[in-house]
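Thanks for making time this morning. I would like to walk you through one model, beginning with its overall layout and ending at the ligand, so please have the view open as I talk.

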Amino acid sequence: MTVSDHFRLRDRHILLGVTGGIAAYKTAELARLLVRAGADVQVVMTEAAGIFIGGSTFQAITGRPVRRSLFDPAHEAAMGHIELARWAELILVAPASADFLARLHAGLADDLLSTLCLASEAPLAVAPAMNRNMWRHPATAANVEALRVRGVRVWGPAEGEQACGDQGPGRLLEPAELLVRVGEWLGQGSLIGRKAVVTAGPTREPLDPVRFLGNRSSGKMGYAVAEALVREGADVILVSGPVSLDVPSGVRRVSVETALAMREAVLDAVTGVDLFVACAAVADYRPRQIVDQKIKKTEETLRLELVRNPDILREVAALPDRPFCVGFAAETDALAVHAEAKRKAKGIDMIAANLVGGGEGFETDDNALLVLWEGGWLELPRQQKTRLAEQLVSVIAESMDAQATIEDPR
Ligand code: CTP
């Protein structure tokens with residue numbers, strides 16, 4: 001299985017047109033994000049684009065030679081331009097210069113990119129980038145309006161400081177934003193463009209150089225959640241305690257041992273993310289002292305003094321610009337009551353609770369969950385943790401969307 005099998009844009013054919021503009025350098029990042037999302041990307045550059053960025057950059061990122069000219073015999077023999085037009089499932093021109101928009105409007109076909117735009121039946125999107133006066137010029141405005149009427153998607157431009165020093169509309173949308181639009185348009189992945197941090201596994205609290213306090217968490221649920229998030233298109237960092245599981249493809253893993261190290265790794269990773277899912281079984285206490293030498297069995301009894309570990313989930317939930325926070329709860333009785341109390345006490349958006357005791361929950365391949373959030377709940381029946389994680393992730397995605405709609409009712 002390749003990395004791309006895990007991504008929602010996998011094997012989608014995206015023709016990425018690049019026209020002449022300073023923002024062309026950002027298109028390299030966009031190409032990288034599309035490839036990382038599993039897409040098969042063919043870059044087509046206009047002659048003017050070549051002034052701003054080299055074709056070898058795109059070739060290295062996409063693994064496909066850049067196409068530039070209409071009648072290049074070498075390329076035409078491999079895949080002719082009409083074949084290329086049929087190959088594309090979506091054409092995105094980024095940056096789209098004022099000149100290119102005008103030529104597109106006029107229906108010119110005097111270079112490869114404009115010809116492909118005419119010859120292809122694939123949906124077409126343009127991400128304009130230019131000086132603000134060029135953008136506001138009635139000629140450009142008329143071209144853009146005509147293209148919109150024709151069904152061309154116009155993404156951006158954004159407002160802000162321009163390469164020429166001016167302030168105003170004309171900046172290329174950020175690559176991550178363009179990726180989200182591509183994902184939405186192709187109807188793939190409920191979490192495309194979202195960033196998530198997941199904790200998983202147990203922590204180990206050292207006593208001496210060879211011993212630690214630990215727990216039975218296998219990390220399976222956390223790893224399944226990380227994998228399900230990636231499948232929905234999210235960019236995932238997995239902060240994991242010691243487990244014997246492979247890193248799911250497409251997930252970035254940060255390995256830690258102690259609760260304090262997990263806290264530090266989470267706080268480092270969580271800035272600017274949209275979602276935090278705390279699956280780890282973090283040790284509530286750690287030995288007050290870690291002794292340098294191995295503890296010898298000289299005494300009949302041994303007392304250990306333990307101190308409380310910080311509650312990572314509670315801390316993340318209290319951050320000013322906090323992500324959507326999901327926690328887990330293991331309860332032996334009155335599942336809904338205790339879990340809801342825990343959700344409120346920790347100030348989190350959602351809690352996934354399961355009954356423990358009698359061999360349930362830990363170290364098993366299956367589980368059942370009661371998921372609670374403000375004003376709603378759902379019971380996910382006993383099943384494989386991988387399936388369960390997929391269902392949990394879809395509940396999370398829906399809940400995040402619902403929250404965003406309440407915050408921004410437009
Ligand atoms: N958690 C955490 N940091 C801790 C302890 C817990 O991030 N130091 C997270 C866990 O990852 C999980 C949730 O908080 O998402 C569990 O909360 P906790 O209060 O530990 O619940 P239980 O494990 O059910 O423990 P108890 O009922 O004994 O308090």
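**From domains to ligand**

What we have here is a predicted model, and its protein chain is divided into two parts, with domain 1 covering residues 3–186 and domain 2 covering residues 195–407. If you take the C-alpha centres of domain 1 and domain 2, they lie 41 Å apart.

Let me turn next to Glu232, which you will find in the loop that runs between helix H11 (220–231) and strand S11 (235–240). Is Glu232 buried or exposed? Its relative accessible area is 17%, and because the cut-off for buried is under 20%, Glu232 counts as buried. The side chain of Glu232 also makes a polar contact of 2.7 Å with the side chain of Ser190.

Now to the ligand, which sits in the largest pocket. The elements that each give two or more residues to the shell around the ligand are helix H13 (312–317), strand S16 (324–331) and helix H14 (335–346), and of these it is S16 that gives the most, with 3 residues. There are 13 residues around the ligand, and those that come nearest are Ala278, Ala280, Pro310, Phe328 and Lys342.

As for polar backbone atoms, Ala278 places an N or O atom 2.6 Å from an oxygen atom of the ligand, while for Leu313 the distance from a polar backbone atom to a ligand oxygen is 2.9 Å. With Ile312, a backbone N or O atom lies 3.0 Å from a nitrogen atom of the ligand. Taken alone, the ligand exposes 580 Å², and the protein buries 74% of that.

Key:
Residues are numbered from 1 along each chain as its sequence is written. This is a predicted model: local features need pLDDT of at least 70, side-chain atom pairs count only at pLDDT 80 or more; totals for chains, interfaces and linings use all residues. Side-chain values use heavy atoms; hydrogens and water are left out. Domain bounds come from an automatic or database domain assignment. Helices (H or I, at least four residues) and strands (E, at least two) are DSSP runs, numbered from the N terminus. Buried means under 20% relative accessible area, exposed over 50%, partly exposed in between (1.4 Å probe, protein chains only). A polar contact is a pair of N or O atoms within 3.5 Å; within protein, one must be able to donate a hydrogen and the other to accept it, and residues adjacent in sequence count only if both atoms are side-chain atoms. A residue is near a molecule or strand if one of its heavy atoms lies within 4 Å of it. Accessible areas come from the Shrake-Rupley method with a 1.4 Å probe; for residues, only the protein chains shown count as cover. On a 1 Å grid over the protein atoms alone, a cavity is a set of points where a 1.4 Å probe fits but cannot get out, and a pocket is an open set with protein on both sides within 12 Å along at least five of seven lines; lining residues have an atom within 4 Å of a point. A molecule sits in a cavity or pocket if more than half of its atoms lie within 2 Å of its grid points.
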